Amino acid sequence: MYSIYKKEIKAFFSSLIGYIVIGVFLVSISLFMWVFSDTSVLNYNFATMDQLFSIAPLIFLFLIPAVTMRSFAEEQGKGTIEILYTKPLTTWDIAGGKYFANLTLVLFALLPTLVYYISIYQLGSPKGNLDTGAIIGSYIGLFFLAGAFVSIGMFASMLTKNQIVAFILGAFLCFFFHWAFSYLAMLPMFIGSFDLFIQKIGINYHYSSISKGLIDTRDIIYFVSVIFVFVYATVTILEHRK
Amino acid sequence: MSVIVKDLTKVYDERTVVNQISFEAHPGEILGFLGPNGAGKTTTMKMICCYTQPTQGQISVYGYDTAKDPLSVRKQIGYLPEHNPLYEEMYVREFLQFVASIHKIDNKSKRIAEVIECTGLGIEQNKIIGTLSKGYRQRVGLAQAIIHDAQVLILDEPTSGLDMNQLVDIRQLIKDLGKEKTVIFSSHIMQEVQALCDRVVIINNGELVADESIEILSQRLAGTQQLLIQFENGKIDINPFKQLDAVKDVVFENGHYIFSIQEGKDIRPSIFHTAVSANQAIIEMKQDKANIEEIFRKLTKAEKYV
């Protein structure tokens, strides 16, 4: 698994993909946090990082499928998957190595945002007037969100040989699992009966719950299950195709 | 211990690609795998490498069953796929390092240097794979197949796309490897098979049509010569001709009848007389010595009249 992980990480950083992903993420998130007057923390009169945590899922929605789209689609398109399949590697090794490499890249993009925390900490009046607990919770939520999106994106990539199809499908599935259930729950037919249940299927419900700083084992189990289900489905379908 | 394939069958969407094939390959032996395109060569090789699973039948590689213990099988096998897919954006060395790390080879850089040396990649070793010519890509493919010193080498058309000089080098390399290891390689170049292999397995439409040592195959050829005859009416009732003495076999192909005849006999006059009495005009008659290509053609292509 480790050799696959290393190969994927090298592939990100020896090509432009890694730098573009990190660059685009940081530039767009900074624009929302510091420049655009509607959302800028400087106009907000509150020492808070809420903008980061409410906008990041939106950026992840495009960025993560862009990272994961090549995972399997490229190997299947170019036939290099045959090299991996005929080496002493299990399908779990291949999928796991790729999963952790994709997740690592996303975390690399997320890491520099800790600078924002320090900046806002310094800007607070009085200094340090910031809800650190909620921010830690939000980071944990964002980490699990990234993990779920990566597994969904890889699942989409496994389904096709075409990277563009993988991207569009991945972005759609991420959107669907993150937001769609919250909105579906508002349909008149569900209100008063299944609305809470349907809301709980979606990622958004659990993400907002963790973001409040409330780390509930139920939410963590939910995220781990979503990740496991998509990675498991990826591996199972790959094995079945052989 | 070696590679044992038994009653192997593969069905893709109700189409039988490989049908009940059985053969064995042993260490110190180079096994040539012959057959026209689409005969099932590649599919069979892929099944031995555990890339695809057989519908029926067993494959055992050095005692490991491909269905039960694919990982152990893959450790024993070095495989060069037909289209030789490679990570184009990687450097040659980087790629070999990656493969070496999958195989958990100790002293990676020493082994990589050895492999680069014996595949003749020396001058291209610091280039990106995508910029290499076909011949050098093929060597990279071969290098990754032999890097872990596998006991079994499965090479799917290893010499395609090479120029004459490269061809000689690579054939010599395969020959050297075949001294200790089990080598199964497919090809459609007959001379190559004749020059390299100890044994030949010929398959056609997924079925085994020959499994013989090169000597026996050559002996079978030695006692035969061929007569190529074209009749004015094309396809005719051939039975009277088959009754003739010394005629072993008659095959119809591309408007010609190919007569296999016992060597040393000249039956051209009696064919002429038979044609006259059957009222058939001969418009062409040519004598020819059979070679391995004829045997191959006969076994795989022509409709049989035996």
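**View 1. Side-chain directions along strand 7 of chain B in the predicted model.** B:V152, B:I154 and B:D156 point one way from strand 7 of chain B, while B:L153 and B:L155 point the other way. All of these residues are buried. Strand 7 of chain B is accordingly described as mostly covered, with five of its five residues buried.

**View 2. The open sheet of chain B that contains strand 7.** This sheet of chain B has six strands in the order 6-7-8-3-9-10, and its pairing is mixed. Strand 6 (77-80) and strand 10 (207-213) of chain B stand at the edges; each has a single partner strand, so one side of each is left without a neighbour in the sheet. On average, and with direction ignored, neighbouring strands of this sheet are turned by 15 degrees against each other. Strands of a sheet pair through backbone hydrogen bonds, in either a parallel or an antiparallel arrangement.

**View 3. Pairing of strand 6 with strand 7 in chain B, and the helix packed on them.** Strand 6 and strand 7 (residues 152-156) of chain B run parallel and are joined by four bridges. Within this pairing, B:V152 of strand 7 is the bridge partner of B:I77, and B:I154 of strand 7 is the bridge partner of B:Y79. Helix 5 (residues 134-146) of chain B packs on the sheet and touches both strand 6 and strand 7 of chain B. The direction of helix 5 of chain B makes about 170 degrees with that of strand 6 of chain B.

**View 4. Pairing of strand 7 with strand 8 in chain B, and the helix that links them.** Five bridges join strand 7 of chain B to strand 8 (residues 182-186) of chain B, and the two strands run parallel. The bridge partner of B:V152 in strand 8 of chain B is B:T182. Together with helix 6 (residues 164-177) of chain B, strand 7 and strand 8 of chain B make a right-handed β-α-β unit.

**View 5. Two residues of chain B with positive phi, B:Q20 and B:N107.** B:Q20 is not a glycine, yet its phi is positive, at about 55 degrees. B:Q20 is found in strand 2 (residues 15-25) of chain B. With 14 other C-beta atoms within 10 Å, B:Q20 is partly exposed. B:N107, also a residue other than glycine, has a positive phi near 50 degrees. B:N107 is placed in the loop between helix 3 (92-102) and helix 4 (108-119) of chain B. B:N107 is exposed, with 10 other C-beta atoms within 10 Å.

**View 6. The contact between chain A and chain B.** Chain A gives 16 residues to the contact and chain B gives 19 residues. On the side of chain A that touches chain B, helix 1 (2-14) and helix 5 (81-85) of chain A each supply at least two residues. By class, that side of chain A has five nonpolar, six polar and five charged residues.

**View 7. Chain B as the setting for the close-up views.** Chain B has eleven helices and 15 strands. The C-alpha trace of chain B spans about 80 × 40 × 35 Å along its principal axes. Of the 306 residues in chain B, 40% are buried. Among contacts in chain B between residues at least 6 apart in sequence, 69% join residues at least 24 apart.

Technical notes:
Residues numbered from 1 in each chain as written. Chains lettered and ligands numbered in written order. Predicted model: local features only at pLDDT ≥ 70, side-chain atom pairs only at ≥ 80, totals over all residues. Contact = placed C-beta atoms within 7 Å. Nonpolar A, V, L, I, M, F, W, Y, C, P; charged D, E, K, R; others polar. Buried ≥ 20, exposed ≤ 12 C-beta atoms within 10 Å, placed from the backbone. Pairing = 2+ DSSP bridges. Axes fitted to C-alpha atoms, helices over the stretch in contact; angles between N-to-C directions. Right-handed = clockwise from strand over helix to strand, strands pointing away.
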